[in-house]
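Welcome! Please take a first look at the chain shown here, and then read on for a guided walk through its inside.

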Amino acid sequence: MTRPRLLVLRALGLGDLLAGIPALRALRHAFPGHELVLAAPAELEPVAAATGAVDRLLPASGPGRAVPRGLNWLGPPPDIAVDLHGNGPPSHRLLQTLHPRRLFAFAHPDTPEIDGPRWWAEEHERDRWCRFLGFYGVPADPADLRLPRPQGASPAPGAVVLHPGAGAPSRCWPVDRYAAVATALRERGHRVVVTGGTGEDDLVARLAKQARLPDTDTFGGGLPFEWLSALVADASAVVSGDTGIAHLAVAHATCSVTLFGPVPPSRWGPPPDPRHRVLWHPGQDGDPHGRRPDPALLRIATDDVLHALDQLPDTP
């Protein structure tokens, strides 16, 4: 007998998927007899598998954070479709084209036929989707974030991981400041490695050159998720902007220092925990997809980061 299918749309990035783990697991628990299909970028398939909540990934993506133009859905309509992508209406209408028996989505005046909860712009991302599912009678715990330790060995156990890149330049702290942090940590006797995603080789190379890091401690080009996950799981600390690797540190309970700007940690920051420190200078919100480092981010000094690292338990 064919299992009913539950389709979840979250065609976004690594950090978005990791922030959505509590919602995915809540759906898994609420509908154990369904095949849970996640519509997300193909490169996130190992991440989806690591959550333990997803049966199959349906490759789907759009430019930037846009809604995909279509879904390659085959067979009967989904029994349930869940819009974890945004507040619509483009994502609502994409799922409506599949004619699901039930559609979970936020309310929006342009899709009045959907009876969903209201969208709150200032809500934390994890809390948002758990509240959303609660409206439909699906209990979700925003603290259910952990990932299992990957089986592979870390390429740099015990290192401090610096990740200078982010999804947009507005969230990238200057490379020379990362290099100053790296130099100070190495002078204290700590191993420092630098990572970068796809298309961030230049950032990695510049940081490595300025900090005089050996080639063995530079990981550019986008590490395979299994390696990146092992690296973060066994790191002594992760220092980054508001981007996917910060969420991965939370998922592995690895100590972290996250530099925020232009978006405040109240929307994307880690849960309260002494292992996670956030640096943020409150001010007017900026453009999270801007082409230049946000002024709030630039107000964070090298000494601020080193001091935050000093405050972490059992870290440099």
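This report visits two helices, the nonpolar cores, some aromatic rings, a cavity, a pocket and one loop residue. Please keep in mind that the model is predicted.

## Helix H5 and its surroundings

A good place to begin is helix H5, which spans residues 125-135. Which of its residues are buried? They are Glu-125, Arg-126, Arg-128, Trp-129, Cys-130, Phe-132 and Leu-133. These buried residues pack against three other helices and two strands, namely H1 (14-19), H2 (21-30) and H10 (265-268) along with S4 (80-83) and S5 (102-104). Just past the end of H5 comes Gly-137, whose phi is positive, at about 80°.

## Helix H2

One of the partners of H5 is helix H2. H2 is mostly covered, as eight of its ten residues are buried. The buried residues are Ile-21, Pro-22, Ala-23, Leu-24, Arg-25, Ala-26, Leu-27 and Arg-28. Their cover includes strands S1 (5-9), S2 (35-40) and S4, together with helices H1, H3 and H5.

## Two nonpolar cores

Now to the cores. The largest nonpolar core has 62 residues, and Leu-71 and Val-82 are those with the most contacts inside it. What does Val-82 touch, leaving aside its neighbours within four places in sequence? Val-82 is in contact with Leu-6, Leu-7, Val-8 and Leu-9, and also with Leu-27, Leu-95, Phe-104, Phe-132 and Leu-133. Among these, Leu-27 is one of the buried residues of H2, while Phe-132 and Leu-133 are buried residues of H5. There is also a second, separate core of 31 residues, which includes Ala-179, Val-192, Val-257 and Leu-259.

## Aromatic rings

The whole structure contains nine aromatic pairs. One of them joins Trp-129 and Phe-132 in an edge-to-face arrangement. Both residues lie in helix H5, three residues apart, or about one turn of the helix. Trp-129 has a relative accessibility of 1%, so it falls below the 20% cut-off and counts as buried. Phe-132 is buried as well, because its relative accessible area is 0%. Trp-173 and Tyr-178 form another pair, and their planes stand at 85°, so this pair is edge-to-face too. Trp-173 is buried at 2% relative accessible area, and Tyr-178 counts as buried at 1%.

A pair of aromatic rings is described by the distance of the centres and the angle of the planes. Here are those values for the two pairs:

| Pair | Centre to centre | Angle between planes |
|---|---|---|
| Trp-129 and Phe-132 | 5.4 Å | 85° |
| Trp-173 and Tyr-178 | 5.1 Å | 85° |

Trp-129 and Phe-132 also belong to one aromatic cluster, together with Phe-104, Phe-106, Trp-119, Phe-135 and Tyr-136.

## An enclosed cavity

How many cavities of 30 Å³ or more does the structure hold? It holds one. The largest cavity has a volume of about 130 Å³. Its lining consists of 17 residues, and those nearest the centre are Arg-126, Ala-246, His-247, Val-250 and Pro-270. Arg-126 is already familiar as a buried residue of H5. Helix H1, helix H9 (244-251) and strand S10 (256-259) each supply at least two lining residues, and H9 gives the most, with four. By character, the lining divides into ten nonpolar, five polar and two charged residues.

## A pocket

Next comes the second largest pocket, with a volume of about 150 Å³. Its lining includes Pro-46, Ala-50, Leu-147, Pro-148, Arg-149, Phe-225, Glu-226 and His-252. Helix H3 (45-50) and helix H8 (225-233) are the elements that give two or more residues to this lining. The largest share, three residues, comes from H8. Six of the lining residues are nonpolar, four are polar and two are charged.

## A buried residue in a loop

The last stop is Ser-170, in the loop between strand S6 (160-163) and helix H6 (175-187). Is Ser-170 buried or exposed? Ser-170 is buried, because its relative accessible area of 2% is under the 20% cut-off. Not counting residues up to four places away in sequence, Ser-170 touches Gly-261 and Pro-262, the run from Asp-287 through Pro-288 and His-289 to Gly-290, and also Arg-292, Pro-293, Asp-294 and Leu-297.

Terms used. Residues are numbered from 1 along each chain as its sequence is written. This is a predicted model: local features need pLDDT of at least 70, side-chain atom pairs count only at pLDDT 80 or more; totals for chains, interfaces and linings use all residues. Side-chain values use heavy atoms; hydrogens and water are left out. Buried means under 20% relative accessible area, exposed over 50%, partly exposed in between (1.4 Å probe, protein chains only). Contact means heavy atoms within 4.5 Å. A nonpolar core is a set of buried Ala, Val, Leu, Ile, Met, Phe, Trp, Tyr and Cys residues joined through side-chain atoms within 4.5 Å. On a 1 Å grid over the protein atoms alone, a cavity is a set of points where a 1.4 Å probe fits but cannot get out, and a pocket is an open set with protein on both sides within 12 Å along at least five of seven lines; lining residues have an atom within 4 Å of a point. Grid points are joined across faces, edges and corners, and a volume is the space filled by probe spheres set on the points. Ala, Val, Leu, Ile, Met, Phe, Trp, Tyr, Cys and Pro count as nonpolar, Asp, Glu, Lys and Arg as charged, and the others, Gly among them, as polar. Rings of Phe, Tyr and Trp (its six-membered ring) pair if their centres lie within 6.5 Å; planes under 30 degrees apart count as stacked, over 60 as edge-to-face and the rest as tilted.
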